[in-house]
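Got the viewer open? Let's take a walk through this model, one selection at a time.

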Amino acid sequence: MTAVDERGIAKFFEEFEPPEGIKAELLRGEIVMMATPDLVHNRIVADVVDQIPRKRWERLQVTDVDIIDETSEPIPDLVVLERGVAPDSGRLLPSQLVTMVVEVVSKTSVQRDYEVKRSIYAAGEVPAYLIVDPIMAQCVLLTRPVGKGENADYQRQQITKFGAPLPLEDLGLELDTTEFGTYKNVRPHRYP
């Protein structure tokens, strides 16, 4: 895709209004739309939010993240950043302000969450990317982003099974995963 095409897509995306109940993200020039998530998904996000202290951290849901030098505006399930660093208003949150993003894998987002968004968040230098996977009953914490563009990745990966505590060093806390639910009758995948 040429730079002109990318600017055209980004401009179109800024003005695009998805139908009610649909979430639309711009991922490397591709518009991806998804329906409202499963209750398992929503309960996991709520559980993670409840465990992150509000006095120190802003916990924002359905917020577009602006990734510098990327034709991407992902909408993580949860964005965590220090209180007081975000702008007062606006649609886009610059990735350099973000401490951690959380994606809860849905039945149709496995490849996007484990590959595409991994690279996008690393390119945006987001310090911690937490993938909560109710298909495999595990959390994958990615830290230490390196690289640029599609070659960006995280140097450190830690896998924690549901039920075990997950240390989140960047937030200075330990996440309790014992109440995270799983999807029923969904075929396992091969990630990470």
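The tour goes from the whole chain to the sheet, then a helix, some charged pairs and one loop residue.

**Before you click**

This is a predicted model, so a little bookkeeping: local features need pLDDT of at least 70, side-chain atom pairs count only at pLDDT 80 or more, and totals for chains, interfaces and linings use all residues. Residues are numbered from 1 along each chain as its sequence is written, and side-chain values use heavy atoms, with hydrogens and water left out.

**Stop 1: the whole chain**

Show everything as cartoon. You have three helices and twelve strands in the protein; helices (H or I, at least four residues) and strands (E, at least two) are DSSP runs, numbered from the N terminus. Now colour by accessibility: of the 192 residues, 46% count as buried. Here buried means under 20% relative accessible area, exposed means over 50%, and partly exposed is in between (1.4 Å probe, protein chains only). If you like contact maps, residues 24 or more positions apart account for 57% of the contacts with a separation of 6 or more, a contact being heavy atoms within 4.5 Å.

**Stop 2: the six-stranded sheet**

Select E3, E5, E7, E8, E9 and E10. In that order they make an open sheet of six strands with mixed pairing; two strands pair if DSSP finds at least two bridges between them. Which strands stand at the edges? Those are E3 (57-60) and E10, each with a single partner strand, so one side of each is left without a neighbour in the sheet. Look along the sheet to see the twist: neighbouring strands are turned by 20 degrees against each other on average, direction ignored.

Zoom in on E9 (residues 138-146) and E10, which run antiparallel and are joined by eight bridges. For one spot to label, pick Leu-142 and its bridge partner in E10, Gln-157.

Next, add the helices that pack on this sheet. H2 (residues 39-51) touches E3, E5, E7 and E8 (128-133), and its direction makes about 155 degrees with that of E7. H3 touches E7, E8, E9 and E10, with its direction at about 165 degrees to that of E8. For these angles, axes are lines fitted to C-alpha atoms, for helices over the stretch in contact, and angles run from 0 to 180 degrees between N-to-C directions.

**Stop 3: along H3**

Keep H3 (residues 110-123) selected and hide the rest. Where is its kink centred? Go to Lys-117, where the helix bends by about 40 degrees; the bend at a residue is the angle between axes fitted to the seven residues ending there and the seven starting there.

Bring the surroundings back and H3 turns out to be mostly covered, with eleven of its 14 residues buried. Among them are Arg-112, Asp-113, Lys-117 and Arg-118, as well as Tyr-114 and Tyr-121. Step just past the helix to Glu-125, which takes a positive phi of about 60 degrees.

**Stop 4: charged pairs**

Searching the whole structure turns up seven salt bridges, each being a side-chain nitrogen of Lys or Arg within 4 Å of a carboxyl oxygen of Asp or Glu. Side chains of opposite charge can pair when their charged atoms come close.

Show Arg-91 as sticks, together with Asp-64: their side chains meet in a salt bridge at 2.7 Å, N to O. Arg-91 lies in the loop between E5 (78-82) and E6, while Asp-64 is in E4 (residues 64-66), so the pair ties together parts that are 27 residues apart in sequence. Asp-64 is buried at 10% relative accessibility, whereas Arg-91 is partly exposed at 37%.

Now add Glu-73, which also forms a salt bridge with Arg-91, the closest N and O atoms being 3.0 Å apart. Glu-73 sits in the loop between E4 and E5, 18 residues from Arg-91. Is Glu-73 buried or exposed? Buried, at 7% relative accessibility.

For another pair, select Arg-156 and Glu-169, which meet at 3.8 Å, N to O. Arg-156 is in E10 and Glu-169 is in the loop between E11 (166-168) and E12 (173-175). Glu-169 is exposed, with 62% relative accessible area.

**Last stop: Ser-95**

Finish in the loop between E6 (92-94) and E7 (100-104), where Ser-95 lies. Ser-95 is buried, with a relative accessible area of 1%. Show its contacts and, leaving out residues up to four places away in sequence, you'll find Val-65, Asp-66, Ile-67, Ile-68, Gly-124 and Val-126.
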